[in-house]
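Please look over the sequence and the model shown here before reading on. The report is written for someone meeting this structure for the first time.

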Amino acid sequence: MPADTAPKATDPKIHALPKRAPAHQPFPFSAIVGQEAMKQAMVLTAIDPAIGGVLVFGDRGTGKSTAVRALAALLPEIDAVEGCPVNSARSDQCPDWAQVTATHIIRKPTPVVDLPLGVTEDRVVGALDIERALTRGEKAFEPGLLARANRGYLYIDEVNLLEDHIVDLLLDVAQSGENVVEREGLSIRHAARFVLVGSGNPEEGELRPQLLDRFGLSVEVTSPRDVETRVEVILRRDAYETGYDSFMPGWQAADAALRDRILAARAALPGLTTPNIVLHDCAALCIALGSDGLRGELTLLRAARAQAAFDGDGTVTRHHLKAVAAMALSHRLRRDPLDEAGSGARVARMVAEVLP
């Protein structure tokens, strides 16, 4: 999601979509109790989508799905061409097959699209529009979930249970940023750049290494172990469900403040200074951990830059690297059968040694 370059809201060509607020908006992001690592990871990808998405693994009922729904309401709106099925920012970016004639720019929520388990490949990538083919004899393309998710988020619950052929498809699209459909006499291409968010329970199966590596950040969530935290979770959820009108205003204001902070961080990101010592720290830490390839260093650096921008700092420092090291590197470690500590603990231990 690059910074918006479309005209400002005061431009007469921009038309706001009619606001159809649901009876109950999602539970506010700011009201989620605890789970700070999960919230931090999602905020960082909102600041810089190039980080590459978030994988959230943990127990059932720990707020994974709630956080994703809340993120959708928190994210800033995007400018898009009215009627464009891939949310293009300019009319010349709309694919030819869409036959979009409108040139109006509208403001719409950042797309957050669910990819359900058991989904068919046609539903994901798109396919021949059967209704138009039968009623009009026209060969037309019906966009899939990847088209809707462009410039937004694609959310997969129970991602570790996803079928292998869908995983392969997502890997191809995530790498190229483009969806290509060659079937039934159709030859279709369209942009498909999205932030991948996956959640799951590790007890139900492991994630394929190829897909695991595609997630920029990974966090583990657990059920709170202290009474006070669990009581606060109950109180806030009960207030949301039984006293919605009185509960929401204060938390909506907190979400708005966080949204403004995310926008400020996006604007500050290009102007950050990254000293060479930080690059050396990235490389030294990844070598010490034995991570394969260079994706670890690149993701660690991007996450640290996003963290610095969010903190309002103009220079990336070792402090920012330490703040994001576990979520950027813990899922990239080789298994060590002689080390009973979890991957997060291994990263923390090595950070203490390499980046004192």
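What follows describes the chain as a whole, then its cores, its cysteines, its aromatic rings and two of its arginines.

## Overall picture

The model is a predicted one. Its protein chain contains 13 helices and 12 strands, and of the 356 residues in that chain, buried residues make up 45%. The surface that the chain exposes comes to about 17900 Å², with carbon and sulfur atoms supplying 52% of it.

Contacts can also be sorted by how far apart the partners lie in the sequence. Taking those between residues at least 6 apart, 75% join residues that are at least 24 apart.

## The nonpolar cores

The largest nonpolar core holds 61 residues, and those touching the most other members are F29, M42, I47, L217, L285, L300 and L329. Helix α11, which spans residues 295-311, gives this core its largest share, namely 8 residues. A second core, separate from this one, has 31 residues, including V119, V167, I188 and F215.

L217 shows what surrounds one of those well-connected members of the largest core. When its neighbours within four places in sequence are set aside, L217 is in contact with residues from several stretches of numbering, among them A41, L44 and T45, then I51, G53, V54 and L55, and further along T299, A303, M327, A328 and H331.

## Cysteines without a disulfide

A disulfide is a covalent bond between the sulfur atoms of two cysteines. How many disulfides does a search of the whole structure find? The search finds 0. C84 is in no disulfide, although the nearest cysteine sulfur, that of C94, is 3.2 Å away; the cut-off for counting a disulfide is a pair of cysteine sulfur atoms within 2.5 Å. C84 counts as buried because its relative accessibility is 5%, and buried here means under 20%.

For C282, the closest cysteine sulfur is in C286, and the sulfurs are 6.7 Å apart, which is too far for a bond. C282 also counts as buried, since its relative accessibility is 3%.

## Aromatic rings

A search of the whole structure finds 5 aromatic pairs. One of them joins F27 and Y240 edge-to-face, with 5.3 Å centre to centre and 75 degrees between the planes. This pair links distant parts of the chain, as F27 is in the loop between β1 (14-16) and α1 (36-47), while Y240 belongs to helix α8 (residues 227-242), 213 residues apart. F27 counts as buried at a relative accessibility of 9%, and for Y240 the value is 9%, which likewise makes it buried.

Y240 also pairs with Y244, again edge-to-face, at 5.8 Å centre to centre and with 65 degrees between the planes. Both Y240 and Y244 are buried. Ring pairs bring F27, Y240, Y244, F247 and W251 together into a cluster.

## Two arginines

R261 lies over the face of an aromatic ring, that of F310, at 3.7 Å from the ring centre.

R332 is found in the loop between α12 (318-329) and α13 (343-354). Is R332 buried or exposed? With a relative accessible area of 9%, R332 is buried. Not counting residues up to four places away in sequence, R332 touches D213, F215 and G216, together with S291, D292, R295, G296 and T299. One of these contacts, F215, is also a member of the second core, and another, T299, is in contact with L217 as well.

Conventions:
Residues are numbered from 1 along each chain as its sequence is written. This is a predicted model: local features need pLDDT of at least 70, side-chain atom pairs count only at pLDDT 80 or more; totals for chains, interfaces and linings use all residues. Side-chain values use heavy atoms; hydrogens and water are left out. Helices (H or I, at least four residues) and strands (E, at least two) are DSSP runs, numbered from the N terminus. Buried means under 20% relative accessible area, exposed over 50%, partly exposed in between (1.4 Å probe, protein chains only). Contact means heavy atoms within 4.5 Å. Accessible areas come from the Shrake-Rupley method with a 1.4 Å probe; for residues, only the protein chains shown count as cover. A nonpolar core is a set of buried Ala, Val, Leu, Ile, Met, Phe, Trp, Tyr and Cys residues joined through side-chain atoms within 4.5 Å. Rings of Phe, Tyr and Trp (its six-membered ring) pair if their centres lie within 6.5 Å; planes under 30 degrees apart count as stacked, over 60 as edge-to-face and the rest as tilted. A charge sits over a ring if NZ of Lys or CZ of Arg is within 6 Å of the ring centre and within 35 degrees of the ring normal.
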